[in-house]
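Thanks for coming. I have one structure to go through today, so please have the sequence and the model open in front of you.

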Amino acid sequence: MKPIVALIGRPNVGKSTLFNRLTRSRNALVADFPGLTRDRHYGHGRVGDQAFLVVDTGGFEPLVREGIMFAMARQTEEAIIEADAVILVVDGRDGITPQDQDIAARLRRLECPVVVAVNKAEGMRHGVVTAEFHELGLGEPEAISAAHGEGIHALIERTLQCFPDEDAAEEESQPALKIAIAGRPNVGKSTLINTLVGEERVIAFDQPGTTRDAIAVDFERNGKSYRLVDTAGLRRKGRVFEAVEKFSVIKTLQAIEGAQVAILMLDARQDISDQDAHIADFIVQSGRALVVAINKWDGLDAYKKEQIRQIVAYKLKFLDFARFHFISARENTGIDKLFASVDQAYAAATAKLSTPKLTRVLLHAVARQAPPRHGAFRPKMRYAHQGGMNPPIIVIHGNALERIPGSYRRYLENTFREAFRLTGTPLRLQFNTSHNPYADK
C-alpha cells in the first residue's frame, strides 16, 4: 500500500503549488488569493523508488463552525484521519500566525508523522526563516520553495523515512474506468459522487459554484474499478466573471476530454436550458461515450414527470444515441441502471468492428437505399473498415464520396449503430475517395 501524505495549512500558503510539484502535474488550481481549493484532491507522487499518494486540501480554519469554510474544514479533517503522514505548510514570509498555532495544536495529537514545511523561502537564509516555527512543537521545520522546487526532495524523504519502499514497477491490475460528471451548477454532481462512495467525499453545498476544481475519486462497484471526476458547473460565458471560474471551466472541459465516459446531469426541477444543450454538444464533439442522468426525480407528480420527459426528448433529440435515466442522487434511486448504461456505453465506444461485417452492413445499406445522384454521378461505396475507437470511427472507401449528403450520412450512421448495437457513443464516418487516374486527361 502506498503511504498517504496530506498537505495541511491555512489558506494561501502554497499547498496546491506543492501538490503540483510533488505530482509533477498542474492538476490543482493555483491563484494568488485564498480559498481556491475546497475539496480533497488526490495525486500520485514518487521520490526514487518510493511511491506515495498526496492529498491537497482547502485552507484549514479549525475554529469556524458554519458556511462553506466549515465544509472545507470537515474535508481537511477527513484527509487528516486517513493520512499516514502530514505536512503542515506555513508561509515563511508571513511568519507564524495564530491560525498556524491552532492547526499545530490539532496536529500534535496525531500519532502519524508531522513535518512543518516553511514555504516561500527562496532567497532567504534557511536558519533564519525557520527559527520561529520551532515553537509549533512539531520538530525541526524544513525550508522549501514549492514554486521553485527548492528543498522538496529533502522534505519528502524525511516525511516518508518511516515507510518501506514501494516496488517501482507496481501497477494496478485493472485500470479504472474514468467518468466525468458534467452539468450546470447545482444539479447534484457532488451529491451523486458522495452517494456512490458512501461518504462526504466532495463538498455538496446548496450554493451554485461550490465545486471549483475537477476532483477525481476512485471507488469500486460490483467488482469494477471506477474513477469519478466531479467537475465545476458550467454556465454561459456571459455569467463567468471571476478568474477562478474561468479556470474552472477550462478544467471541466479538460476533464470531459480526458474521460472515457461522461455523465451529463440535468435538474428535473429546472427547465432544460440552452446551456444544457451546449454542454451535451461539447461532450459529443469530444467523442466521449455519454449517459444522461436527470436528477431530483423524487417527489415529482406523474404530470410533471411526463412533461419533463417530453421536454428532454425535444430539446436533446440530437442525443438519441444515449440512454436517459431519471434518478435521485440524494435518495440513491436509479443509480444501478445508470451504471449499467455507463458500462454499456464504454463497451460500445471501445468495440472492435470487423472489416468483413462492416463491409456487409455497408453494401446491404446501399442495396436497400442507394445514395442520391449528384449531377451525372452517383457516389459508389466499395468497402469499410474501423479507423479508431472511443469514439468508433468507420472509414468508407469508394468513388465520388465527397458528394454524399448529410441525410445519407445520418442514414449510414443509424444503420451501423443498429447493426453493431452502438448505444451510448457518438459515431464518426470518414469517407475516402479513390483517386481517378484519368482526372487530368
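Let me start with a cut-off: a residue is called buried when its relative accessible area is under 20%. One thing to keep in mind throughout is that this is a predicted model.

With that cut-off, take helix α5, which covers residues 152-159. Which of its residues are buried? The buried ones are I152, L155, I156 and T159. These four cover an arc of only 90° around the axis, so they sit on the same side of α5. The general background is that an α-helix has 3.6 residues a turn, so residues three or four places apart point the same way.

Now the whole chain. The protein chain has 441 residues, and 51% of them count as buried. Its secondary structure comes to twelve helices and 15 strands. The exposed area of the chain is about 21,500 Å², with carbon and sulfur atoms supplying 49% of that. If you take the contacts with a separation of 6 or more, 70% of them are between residues 24 or more positions apart.

Next, the sheets. I will take two of them, plus a hairpin.

One open sheet has six strands in the order β2-β3-β1-β4-β5-β6, and its pairing is mixed. At the edges are β2, residues 41-47, and β6, residues 142-143, each of which pairs on one side only. Strands β5 and β6 run parallel and are joined by two bridges. Within β6, A143 is the residue that stands opposite V118.

Another open sheet, also of six strands, runs β8-β9-β7-β10-β11-β12, again with mixed pairing. Why do β8 and β12 each have one side without a neighbour in the sheet? Strand β8 (215-221) and strand β12 (323-326) stand at the edges with a single partner strand each, so one side of each is left free of a neighbour. From one strand to the next, the twist averages 25°.

Inside this sheet, β10 covers residues 261-267 and β11 covers residues 289-295. These two run parallel, and seven bridges join them. In β11, A293 stands opposite M265.

Two helices to point out here pack on that sheet. Helix α6, residues 189-197, touches β7 (177-183), β8, β9 (224-230) and β10. The direction of α6 makes about 155° with that of β9. Helix α10, residues 335-349, touches β7, β8, β9, β10, β11 and β12. For α10, the angle with the direction of β11 is about 165°.

The hairpin is made by β13 and β14, with four residues between them. In the turn, N390 has a positive phi of about 50°. Strand β13 spans residues 380-388 and strand β14 spans residues 393-399, and they pair in the antiparallel sense over seven bridges. H397 in β14 is the bridge partner of Y383.

Last topic, charges. Side chains of opposite charge can pair when their charged atoms come close. How many salt bridges are there by the rule used here? The count comes to 15.

Take R93 and E122 as an example: their side chains meet in a salt bridge at 3.7 Å, N to O. R93 is in the loop between β4 (85-91) and α3 (98-107), while E122 is in the loop between β5 (114-119) and α4 (126-130), so the pair ties together parts 29 residues apart in sequence. R93 counts as partly exposed, at 48% relative accessibility.

Then D267 and K296, whose side chains meet at 3.0 Å, N to O. D267 lies in strand β10, and K296 lies in the loop between β11 and α9 (302-315), so this pair ties together parts that are 29 residues apart in sequence. Are the two partners buried or exposed? D267 is buried at 3% relative accessibility, whereas K296 is partly exposed with a relative accessible area of 25%.

Finally, R269, D298, R330 and E331 are linked in a network of salt bridges. Within it, E331 forms a salt bridge with R330, and the closest N and O atoms are 3.4 Å apart. E331 is partly exposed, with a relative accessible area of 43%, and R330 counts as exposed at 61% relative accessibility.

That is the end of my list.

Terms used. Residues are numbered from 1 along each chain as its sequence is written. This is a predicted model: local features need pLDDT of at least 70, side-chain atom pairs count only at pLDDT 80 or more; totals for chains, interfaces and linings use all residues. Side-chain values use heavy atoms; hydrogens and water are left out. Buried means under 20% relative accessible area, exposed over 50%, partly exposed in between (1.4 Å probe, protein chains only). Contact means heavy atoms within 4.5 Å. Accessible areas come from the Shrake-Rupley method with a 1.4 Å probe; for residues, only the protein chains shown count as cover. Two strands pair if DSSP finds at least two bridges between them. Axes are lines fitted to C-alpha atoms, for helices over the stretch in contact, and angles run from 0 to 180 degrees between N-to-C directions. A salt bridge is a side-chain nitrogen of Lys or Arg within 4 Å of a carboxyl oxygen of Asp or Glu. The arc is that of the directions from the helix axis to the C-beta atoms.
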